[in-house]
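User: I would like to learn how to read a structure step by step. Could you take me through one, beginning with its surface?

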Amino acid sequence: MIAYTVPLFLRGRVISDDLVPFDTRVGAAQFQAPDMSKYVERLPLKSPAEMSDLYDLSFDEILDVLEALGDALDFDTNTHLQEAYEASLVANVLPPAMTHNSYRILRPLFSRDNVYEIADSQVGLDYLNGWVSHTLRDGRELRVRAFGSRVLHIPAGNGGLVSAVTILRSVITRSDVIIKAPSNDPLTAVAIARTMVDLDPDHPLTKHLSVAYWKGGDLAVEEILYQPQHIEKIVAWGGLASVKHVTRYIQPGLELIALDPKRSATIIGHEAFDDEATMREVARRAATDIGVANQEGCANARVIYVLSGTDADGLAQANRLGELIYQELMSLPAVISTPPRYPNRELLDHLEASRMTEDFYRVIGGEQCEGAIVVSQFDEPVDYSPMLSGRVANIVPVDSIDKVTAAVNAYTQTIGIYPESLKRRLRDTLPLFGAQRLTSLGYACNVAIAAPQDAIEPIRRMCKWVVDEECDAGVVIPLWRLTPA
Amino acid sequence: MTATEKTARSVIEFMDDPISFFGQSFTQMHSISRDELEAMQREAMGIRFQQHCESIEMLRKLADRLGITALNEFNDVTPLFFSHTAFKSYPGALVDKKRFDLMTKWLDKLTSYDLSDVDTTGCAGIDDWIDRLDEQTPLEVITSSGTTGTISILPKDKRGARDGMTLWKICLFQTFGKEPTEAELNPVVDVVWPNFANGKLGHLRIANMIKRGFTGGDESKFHALYPFAVDTDLMFLASKMRAAASRGELDRLEIDPVLAARKDEFIAMQARQAQDLDAFFTRMTEQLRGKRVFMTSAFHLMYDIAKAGLDRGVRNVFAPDSAILTGGGMKGVVLPDDFMEVIKDFLGVDRIQVGYGFSESSTFHWGCSEGRYHVAPWVIPFVLDPETSEPLPRTGVQTGRAAVYDILLRAHWGGVISGDEVTINWDLQCPCGQSSVAFEKDIMRYSEKRGIEDDRITCAATHEVHNEAVNFMKGVDL
């Protein structure tokens, strides 16, 4: 059964011809999309010179367009978004209430103040809108400007936000952008693009946007498109496999900006056990970090290190905290978290095995696939920790922080920490091991866009930082006048 | 003796010594009427459950938690099935820290035998620990290797291994419809073993049994490809490596000093492999030419050897009445459609037998002339809903996840869920003549079907994984 169609959005035109079927990631449904081997040659910009119209736009006009776009991305009235939502219900593992909610945050994302803050803090408006000059020590005048690039985005599909952020980043950098629609969020990018057409089909920002679906790894598309003469940068989100297969196309002139797979961790200090009220507060925050969007994201809490100690008292505290976190997890509202629609079978088998291994693990909940807390009864995480998902987390009691730093590595993205004093103590050491973002417990999935991501600055990286130097031969000593020493 | 007493005694014989119960006859095993068999299976399952509830702590606790006190109908057992994860639920850190006392304590809760007196003092590694268990207990543990950083430890026993070997002989050398001859019951053949000579992995542990059981006691008739054993601790390292790589932690992986000290030995073994392969080939095509042999290996290894032989112009190597057994998954392996013909052409045999099973069970289920895998009579098969694990009806054609309750398993609980998608036509009387229930030919691992990474290093990949670990050691300053 064909559940929906992902049209090709080609620089303002919507094309639904030459349709071929594809499997969805979830269940038996299929969808259809134009056969991109027939269109791939029309995707890239014919000449880089065609980007000049983006530079006729003032930043004010860009803010106007995005604000109007935000206003038009009103879920109740925007039929494109409603269609995207319907498709997501088939294509994505998230339950309806949560998917619905993810479309509510689009409007504030594109608000004037928000876009301004992102552009100014993550690139610098001066650099985006003109040449920024300063004089170097040798006397030359240096002028730097951040130009947009011809960029291909491979966004993640866990929620519509990533597609929206992708478009926002491209627009503020005045880039020419091709988005490869994610199969688990197939229509959000197209919906935003179609809304732009509704507002102004001929606007340069509309004309520099394309959205297409092809199966990741389809050589008939990728070998033609992923060439330095067509695109300069690829921004790839997502799993190890999808990022890895892009790397084969990377060569001089074609750069990869990898927002690759990450895992996150949580550290809870002994202060959590000061009193009952604090413990409840900590449990609520930890449960939130675990539960948001059903633990599908890379920022979610999975392994939670607790500085409770591993003696009998310490274990009792860790177990008690586990009970409280489980209770809080179960009482999260449905727009935030629900039992997973498609629990991981293999994980549940491990969970049941741990439940039977009482000497080493205590499993709280999980019998109805509703989520569970596994409390290790010694200072090691479960061996299946990379599989943790669908609201299953592992509490690991430790005697000292060294045990935790050993578990932080280059794949570690967010670390939620309680209390703040512990975070300050750790913030100069954890990054050495690989941590990329430290945040207050409870805010792991409350991600700011106006901040570096995965320890890089993706928006700056999307730009080409071009230099204009002016050298006055009277000031900057010319090489041709150098005399032999 | 009353009729009831007679039935009671025969059920005990059926469950404890099915080989004698069926007179060592493959034909009898697969000729018993379904009604009669199922009645015995139900009763035997109930008895075994009571025994195992007494003796296996993990089963007892699970049954207590679920409030199950007796098994009367087949489906009563399904909530009690163990997944493969039950046999690797120990923390991997115990091995790293050489806490084999705690490993023993863990295993004690999974087996019906009492392991409380096992002495693990000074145990150097997994192989050493398993050797101690071999010496001090009725167990003959087998391992299987995975990629989550741990390996499965299956508490098999020596008695089961012996029975298993006898069953192999029964299934391999007998023909359905004919009562066994003396020669079929005690065959003496050369054994061609295109694999490592030994090891604790399920498919290697059996090598020692075959070496004794098939050659009439003449061990010179056993011809292994590689003359050395696969080291379990090295396989454990390989499993940890894969897990560490997936977590970006390869730089943190520490190699146990005991294993590290043997680095040169492993490298030397690896360096000899090409030479070993040549020697093996020569032995097969010269010394064993025209002889009746028993050879077993996974599909793709068998094919590789056959192809290499045919390329060298060698064909019809063995006597036509040789016993050849193959099977195993096809994951990651692309073989041409005619691969069985290629194998047959090289080996020169009349028939190639195939079997289906998993390491938790007591035996393979043998392929019939129709290509179905007939379930051994002491094994109760189930087809489960792959998502909910609820049993599907035992009528009509059902496709789902395979599970079995294996009555013959004494050392560990016999209820296990597999990772395989199978089909059973419950109403079928197979045209091959066997009365038993059968799995249809097409069997696939769910992980393979969904295109996801499998947490299992198949027997076919042993060689590759072994090399991976040795290569890793080469690259590390030890």
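Analyst: Let us begin with the surface of chain A, keeping in mind that this is a predicted model. The accessible surface of chain A comes to about 19,900 Å², and 52% of that area belongs to carbon and sulfur atoms. For chain B, the corresponding area is about 19,300 Å², with 50% belonging to carbon and sulfur atoms.

User: What percentage of the residues in chain A is buried?

Analyst: A residue is called buried when its relative accessible area is under 20%. In chain A, 55% of the 485 residues are buried, while in chain B buried residues make up 57% of 478.

User: How many helices and strands does chain A have, and how should I judge its compactness?

Analyst: Chain A has 18 helices and 20 strands. For compactness, one sets the radius of gyration beside the value that the globule rule gives: in chain A the radius is 25 Å, close to the 23 Å given for 485 residues, so chain A is as compact as a globular protein of that length. Along the principal axes, its C-alpha trace spans about 75 × 70 × 40 Å.

User: How many helices and strands are there in chain B?

Analyst: Chain B contains 19 helices and 14 strands. Its radius of gyration is 22 Å, which is close to the 23 Å from the globule rule for 478 residues, so chain B too is as compact as a globular protein of its length. The C-alpha atoms of chain B fill a box of roughly 70 × 55 × 45 Å, again taken along the principal axes.

User: What do contacts between residues far apart in sequence show for each chain?

Analyst: Here one takes the contacts between residues at least 6 apart in sequence, and asks what share of them joins residues at least 24 apart; in chain A that share is 71%. In chain B, residues 24 or more positions apart account for 72% of the contacts with a separation of 6 or more.

User: How many positive and negative side chains does chain A have?

Analyst: Chain A carries 45 positive and 65 negative side chains, and the centres of these two sets lie 3 Å apart. Chain B has 53 positive and 70 negative side chains, with the two centres 2 Å apart.

User: How many disulfides are there over all chains?

Analyst: A disulfide is a covalent bond between the sulfur atoms of two cysteines. Over all chains, the count comes to zero. Cys171(B), for example, is in no disulfide, and the nearest cysteine sulfur, which belongs to Cys368(B), is 13 Å away.

User: Why is Cys368(B) not bonded to Cys432(B)?

Analyst: The test asks for two cysteine sulfur atoms within 2.5 Å of each other. The sulfur of Cys432(B) is the closest cysteine sulfur to that of Cys368(B), but the separation is 3.8 Å, which is too far for a bond. Cys368(B) is buried, at 12% relative accessibility, and Cys171(B) is buried as well, at 7%.

User: Which residues in chain A deserve a look at their backbone angles?

Analyst: Let us take a few cases in turn. Arg174(A) has a phi near 55 degrees, a positive value in a residue other than glycine. Arg174(A) sits in the loop between α7 (161-172) and β9 (176-180), and it is buried, with a relative accessible area of 3%. Gln295(A) likewise has a positive phi, near 65 degrees; it is found in the loop between α12 (276-291) and β14 (303-306) and is buried at 1% relative accessibility. As for the peptide bond, the one that joins Tyr418(A) and Pro419(A) is cis, with omega about -5 degrees, and Pro419(A) lies in the loop between β18 and α16 (420-426).

User: Is Gln413(A) buried or exposed, and where is it found?

Analyst: Gln413(A) is found in strand β18 (residues 412-418) of chain A, and it is buried, with a relative accessible area of 9%. Leaving aside its neighbours within four places in sequence, its contacts include Lys262(A), Cys298(A), Ala435(A) and Asp454(A).

User: Where does Leu253(B) lie, and which residues is it in contact with?

Analyst: Leu253(B) lies in the loop between α12 (232-246) and α13 (257-260) of chain B, and at 16% relative accessibility it counts as buried. Apart from its neighbours within four places in sequence, Leu253(B) is in contact with Leu237(B), Lys240(B), Met241(B), Ala244(B) and Phe472(B). The C-alpha atoms of Leu253(B) and Ala243(B), which are ten residues apart along the chain, are separated by 9.9 Å.

How values were computed
Residues are numbered from 1 along each chain as its sequence is written. Chains are lettered from A and ligands numbered from 1 in the order in which they are written. This is a predicted model: local features need pLDDT of at least 70, side-chain atom pairs count only at pLDDT 80 or more; totals for chains, interfaces and linings use all residues. Side-chain values use heavy atoms; hydrogens and water are left out. Helices (H or I, at least four residues) and strands (E, at least two) are DSSP runs, numbered from the N terminus. The radius of gyration is taken over C-alpha atoms; the globule rule is 2.2 Å times the number of residues to the power 0.38. Buried means under 20% relative accessible area, exposed over 50%, partly exposed in between (1.4 Å probe, protein chains only). Contact means heavy atoms within 4.5 Å. Accessible areas come from the Shrake-Rupley method with a 1.4 Å probe; for residues, only the protein chains shown count as cover. Lys and Arg count as positive and Asp and Glu as negative; His and the chain ends are not counted. The place of a charge is taken as NZ of Lys, CZ of Arg, CG of Asp or CD of Glu.
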